[in-house]
Amino acid sequence: TRDVVENEARRENARRTFSTLISSGVIPVVNENDTVSYEEIEFGDNDTLSAHVAHLCHADLLINLSDVDGLYSANPRTDKDARLIPVVEEITQKLYEIAGGAGTDLGTGGMHSKLEAASFAMRHNIPMVITSGAEPKNIYRVLEGDFVGTLFCNQ
């Protein structure tokens, strides 16, 4: 919940927990609608939550798996001329206009929330990649430096 990242003692406890899990070879999976929350969902989407967790853990990189390959110049589902944007060094109002609203009926934030997460990550000097989750090998490719998808990073 949001109070974990806002309360210094809870934030430090969470940081230690993640550190212990990661040093033990465990990859923690964090989901906002976790059973420990008795309140309403507080972050609004897992994109925002992932950026906060990356910051909390002092991550070197945030990989955001999506149902699209990355950020496009237009909606690739409706515009055949849409082109993948490989690198974003600054998130502008124009990018938010391109992103639009929720991408699917099941999504809560679509590309807009991914841009919000990328903006948060970039403010904390954490590069973020949006890539397709349909191809699990993309994670390995990104970790090897092949930023398949869209890389958000400060120059």
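Five bridges join strand β1 to strand β3 (residues 128-132), and the two strands run parallel; strands here are DSSP runs of E of at least two residues, helices are runs of H or I of at least four, both numbered from the N terminus, and two strands pair if DSSP finds at least two bridges between them. The model is predicted, so local features need pLDDT of at least 70 and side-chain atom pairs count only at pLDDT 80 or more, while totals for chains, interfaces and linings use all residues. Residues are numbered from 1 along each chain as its sequence is written, and side-chain values use heavy atoms, with hydrogens and water left out.

Within β1 (residues 62-66), L62, N64 and S66 point to one face and are buried, whereas I63 and L65 point to the other and are not; the bridge partner of N64 in β3 is I130.

The largest nonpolar core (buried Ala, Val, Leu, Ile, Met, Phe, Trp, Tyr and Cys residues joined through side-chain atoms within 4.5 Å) has 22 residues, of which L71, V88, I91, L115, M128 and F152 touch the most other members. At least two residues of this core come from each of α3 (46-56), α4 (93-99), α5 (110-123) and β3, and α5 gives the largest share, seven residues. Leaving aside neighbours within four places in sequence, V88 is in contact (heavy atoms within 4.5 Å) with L71, L95, M122, T150, L151, F152 and C153.

Two cysteines are classed below by relative accessible area (buried under 20%, exposed over 50%, partly exposed in between; 1.4 Å probe, protein chains only).

| Residue | Relative accessibility and class |
|---|---|
| C57 | 24%, partly exposed |
| C153 | 14%, buried |

A search of the whole structure finds zero disulfides, a disulfide being a pair of cysteine sulfur atoms within 2.5 Å.
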